[in-house]
Every structure is written in C-alpha cells, then in structure tokens.
Amino acid sequence: MAQQAIHEGAVAALELLAAGAQDEHLEEALEEQPADGKSGAGQDARDRVRRAVLQLRRRLESVQQRSAALTFLLDTAVDLAEQEILADALAVLTRRARMLLGADMACVALGEGAALSGPLVVRAAGGHLSPLTIGLRVPEHLGLGQRALESAVPVWTSDFLTDHTFEHRAVTDDMVRAEGLRAVIATPLVHASRHVGVLYTACRAPRQFSREEVALMSTLGELGAAAVVRGAATDAANLRLRNLPRDQDSTTRQLLKVSADSLAGRQLIQAALEGAGPAALTRKFGRHMRAAVRVCAPDGEILAETGELPGQCGDLIAAATRAHARGHAVRHPDGAWTTVVFAGEQWLSSVHVRCARSSPRPDQEAGGTGTARDNESSPGASGSEEATLGNAAHGGEPPPLLTLFVQALAVSHLVAPAAGVTASQDRAELLRLLLDSTSETAEALTQRASRLGVNLRQPYVMLAARPQHGPAGSAQVWAVSHAQRTRGLHLIREDCVILMLPGRDPNAAAHAVSSELSQVLGQPVTVGSAGPSDSPESVPSIFREARRCLEAMAAMGATGVGGSAADVGLFGLLLSRGDDVPAFLDATIGPLIRYDKQHLSELTGSLEAYFNAGGSPTHAAKLLHVHPNTVSRRLERIGELLGPEWQSPERALHIQLALRILHIGYGLRSGS
C-alpha cells in the first residue's frame, strides 16, 4: 500500500509538472499521501521522488530559458539585418541589449569616421539621462572597454565607481555619476578579427552577471559588430552616391582648366620662340594665373615682375637653391612657389609665384610635374571654379602651368640672354682665365673684372670646396649667388667648387663656406683655402696652394670642415700628394691610438708632451700637470705597445711626424 501511495503521488506530481504548476503546488501534491506512506522507508522514497521532480522542474526551466534566449537572439539578428543605415542598427543594438539583461541603459562606442578606427566615441545610447553620454570620447588603453577588447570577451563590474581593479578617468567617472550607474558590462564588438567598438550595458543598482548572461552578451556583440560594419559601409556608399554629381562637376571644371592651361602654355612657348622676353612672358603668365610673379637672375637681379611678392631677394635665392637641390618646386609657408630655370647644367633664372587664392600652410614640397589640381583659374573662370581649384591646390602641388612657364623662360633666355644671366657666365669665364694663366695681360683682366664689379687690386682669398658626394647642380646655384653677393668669382671644375672672394682671412672664409654650403647641399663639404692674393698674376699659385690644402685635409681625415694652408702646415702640404696617411698613422702609432680608445687613457698626449719637452719626463710632467712617476709609467706602457726601439732616431722621427699629423687633423676637425 505504501509503495502504491508513493507511486500515485509521484504520478500526480508529474502531471502537475507537465501542466506547468508552480513549486508549491508540486509540494502539496507530494504531501497529500495516505498515512501509511509516512513510515520511515516510505518517507525516504517520498523524499527521493520530491527531489527528482523538483530537479526535473529546474532543468525544464533552464531549457525554457535557453530556448527563450536563443529565440530572442534570433529575433535580434533578424531585426539588425533589416536595418540599412548605421544609426538604425545602433538603436536596435542598444534596445536589445537592455531587454536581454533587463538593464537600465546601453550605449555603443565606435571608432571615428567611416573606417571605424581610432579612438572610441559614444555614437548611440538608449535609456540615458545625461547629455554627457552621446559624444563621450572613451580614454584609450584603459578601462573596462579596453579590457574587453584585449580579452575578446565581455568584462563586467558589479559597482563601477567602487571597483579599483581597472584604471579610472574623470571623464568616464563623471558620466557614470551623471547617469547614476552601478553595474556595467562591456562587450567587445569584433568582426572578422577587427575591433570596431564596445557595447556598454548598465544597471542603476549593483548586481552580478551570470555566466549565461555573459555568454549571451558575447553572442549579441558578434551580431552587433556585423550590423555595425554593414551599416557603416552602407552610409559610406550613400555618401559617395550623394557626392557623385558634385564630383562630376569638379572633374569637368578641372578638365576645362587643364585645357585652358595647355592652351596658355602653348601660347607662352610660341611667344618665347617669337622673341618675347621674360617681362612679356611674366605678364602673360601672371594674368592667366592671377598671380604675383618674380623672375630673378642667378645673381639675384630682378629680370621681370608682376604683382606684389613679399620676401627678400636673398630668401628667394635660398629657396631657389633648395628647389634645385631637391629636383622640384618648393612651397613657402605663405603658399608661394619657387622653382629654377635650367638649360642643361646652366642655371638661367629662378621663378617665384604666389597665387591670389593660396592660403598659408606649413612648408611643403611637391613634384615638378603637377596635375590638374591647382588653385588658379584663367581670367574667364567662374568664382566657384576658382574656389574648387584653390582648394585642390592645398594638396601641395604646384600649378601645372608653372612647368610650361619655366620652359618658355628657358627658351627666352637662350634666344636673348638677360644681363643677369650673362653676368654669371662672365664671372665664371673670368676666373677660368685667371686660373689658366692665359695670354691676356693683367691689365686686360683687371679691366674685364672691373666691368663685372670686381676689383682685382684688392686682396682676395682662394677657396676650393669639395662636397662629399660631388658638386651637384645646386652647388652651382649656390656658388653663383654667393659670388654675386660677396662681389667675388666662382667656377665649377672637376669635383670642386672654386671661389675667389674679397678678404684677407682665408681660414674664416673657408669655415663660413663649409658651414653654409653643407647646409644647402645636405652633405659634408670640405673647404681648403689660401691667400690673400696681391695681383692677378698670383691667383694661380694661391689656388694651387688652396687645392693642396684641400688634399691635405682629406688625407688627414679632416672632412666636412674648412681650413687654410696655415692650418695644415708643412706636414699637411707634404701629405697632399695623396700618400696613404691612415696606413702610416696606424703603422706608426696605431697601438697607442687604439689603447687610448679602449682604456680612455692619454698615452698619445703624454708621448707628444714627452717629445715637446725634449725627451725629459720631468719637464713632460710639468706640461701635463702630473707627477713625474706617472709619466714614467706611461712611457713604460708606450714601450710595451710600440716596441723597444721606439726611441731610436729613425723611429722617433716617424713617431713625431705621426703625432704632428694627428694633432693637425684633430685641430681642423674641432675647429680650433
């Protein structure tokens, strides 16, 4: 009877379970059993039945909850798929996140722009109360969102403001306080291994998030990320479609501008072939471009000008030098352009252009070919066309017509050379005649120089400058300008820039030229100098001395600096024949030099002081300001390094010569 009663109670409980009864009804059904079922054995059986029924009830509830959650996610996926634009997708995502967790607020932070990259910014929110939420820039590399992105799983806190397991920032804490939020879960939005943002879901009361809820939010994050990427792509495509008519109009205007520039360029070339000079060409170009234009000769003389172009002549020449060194036009901070006119290796002039609609920008450079995107218009161009072209020029490219204008100027210079152009050629020719000792008399050379503004009766110094990588065309540009400014002469010969400059101090001139030309060329320039001269006849010998000084400096490793014949002395001039100086130094005192470098010692200086003191350790100690015993110990170490015969007359002579060469080279490199 007891077993039958238990069986009947279990059946009744199962029937109630199948009908969806609550736990208390199940308990009542199990309690309503005959008294015989309340014996000890019967009671145990009845308890087992009750536990089994309730456990089955919990499992059924779990299955129902999971089924409901999956149904919710499926509905969410369908809802997100129906949204075409990003704003609608974000609205659905925040609403669904709140519904899934029963949360008070949800917001989405995405990367900026259509690419969804860069710092995160809150782009949408639901259930928010504060104006601080939308547009909030999420601090980078910290906070719940960063931890979620790094771990690729949702991260939560039961009470945001009191949780110190992550780093806080005032901007996010202020927003959390304004919204009254406590529990927060951050879900990463990841699509195809690409982080696009973070979904924040929050409650205004402390709470825990179960493992099942975290898993559901992870799935929601995957669905949301796909919708975000799709919506952003749709927005970008719609924007391109809206801008298509405007882009077509802009392209049409640019094509018309290119056609007008091409016609103007042909007209400039034709005018140059017909004999138009720089002034006429400059006026034509300036009118077409609505620009201020200045054309300068290599010596800085203004050959033609139209409009007002600010800037000193020296600044413009320096800009022209940079333009040639870099092989393209350079742009000034005020929007002006500078380029050079060349025929082969001959610098004919420089061109400086500032268009009316150029706007100040940081210094930029651009290739010399250019495209249709410029900021100028022909006189017949409309205002909208000018604005479009002006905005295009801000991309950093010179006006395309500038190249054709430069070509027309080159033709004009070759047809009828300007005075400034021929003057630079005459200066180079005069220096060549002075160096080559031609049959012309000193008086004839003096008169020729006088016509160029050069007085050969005053003292001049000769300089031979050698760039490390050889003299490029920009070195010629600089030499022409420098010679004109200083009323000197210039010439490019073989691997050297030769200058004949007024003055009495060759050493100072060499240092100045080395510093300035190194900066212009962007490479070390070694300058040897000699002088001053006292007559035209002395120029060749002084130049040979300057050239020997240059070779001596190179032999001693004193490159990238300036020096004079007085600096290198007799030893340096003897070495200018091209002997292998480094090998001589290494064979003679190389062990000392290496020892000093490795041990930070002063054996080389001590040995030089020893010879200067006439071989007296006591006197050498006075020169070095050390104790004589210190000198004696250093001499013992020197003997170990150089060998026992180092004080023999022949070895001692070689060592003293090596020390002197080393001393001169160091002095040149240090500028002393």
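Here is a short conversation about helix packing, cores and one sheet in this predicted model.

Reader: Glad to look at this with you! Why are H4 and H7 called roughly antiparallel to each other?

Author: Happy to explain. Their axes cross at roughly 170°, and angles over 145 degrees count as roughly antiparallel. H4 and H7 are therefore roughly antiparallel to each other. The two axes also come within 8 Å. The contact involves, among others, Leu86, Leu90 and Leu93 of H4, and Met217, Leu220 and Gly224 of H7.

Reader: Which residues touch the most other members of the largest nonpolar core?

Author: They are Leu110, Leu189, Leu199, Met217 and Leu220, in a core of 34 residues. The elements giving two or more residues to this core include helix H3 (40-81), strand S1 (105-112) and strand S5 (194-203). H7 gives the most, with nine residues. Another core, of 28 residues, lies apart from it and has Met289, Ala329, Val353 and Leu401 among its members.

Reader: And what is Leu189 in contact with, leaving aside its neighbours within four places in sequence?

Author: Its partners include Leu93, Val108, Leu110, Leu199 and Ala225.

Reader: Now the sheet. What makes the pairing mixed in the order S13-S14-S12-S15-S16?

Author: Compare the pairs. S12 and S15 run in the antiparallel sense over seven bridges, and S13 and S14 are antiparallel too, joined by five bridges. S15 and S16, in contrast, pair in the parallel sense over three bridges. Both senses occur in these pairs, and the pairing of this open sheet is mixed.

Reader: How do you know that S15 and S16 count as a pair?

Author: Two strands pair if at least two bridges are found between them, and S15 and S16 have three. In one place, Val527 stands opposite Gly562 in S16. The chain crosses from S15 through helix H16 (residues 539-555) to S16, and this β-α-β crossover is left-handed.

Reader: What makes S13 and S16 edge strands?

Author: Each of them pairs on one side only. Across this sheet, neighbouring strands are turned by 20° against each other on average, direction ignored.

Reader: Why is strand S15 called mostly covered?

Author: Seven of its nine residues are buried, and buried means under 20% relative accessible area; S15 is therefore described as mostly covered. Helix H15 (residues 506-521) lies across S12, S14, S15 and S16, running at about 150° to S15. H16 also lies across these four strands, at about 150° to S15.

Key:
Residues are numbered from 1 along each chain as its sequence is written. This is a predicted model: local features need pLDDT of at least 70, side-chain atom pairs count only at pLDDT 80 or more; totals for chains, interfaces and linings use all residues. Side-chain values use heavy atoms; hydrogens and water are left out. Buried means under 20% relative accessible area, exposed over 50%, partly exposed in between (1.4 Å probe, protein chains only). A crossover is right-handed if, with the strands pointing away from the viewer, the path from the first strand over the helix to the second runs clockwise. A nonpolar core is a set of buried Ala, Val, Leu, Ile, Met, Phe, Trp, Tyr and Cys residues joined through side-chain atoms within 4.5 Å. Contact means heavy atoms within 4.5 Å. Axes are lines fitted to C-alpha atoms, for helices over the stretch in contact, and angles run from 0 to 180 degrees between N-to-C directions. Angles under 35 degrees count as roughly parallel, over 145 as roughly antiparallel, 65 to 115 as roughly perpendicular and the rest as oblique.
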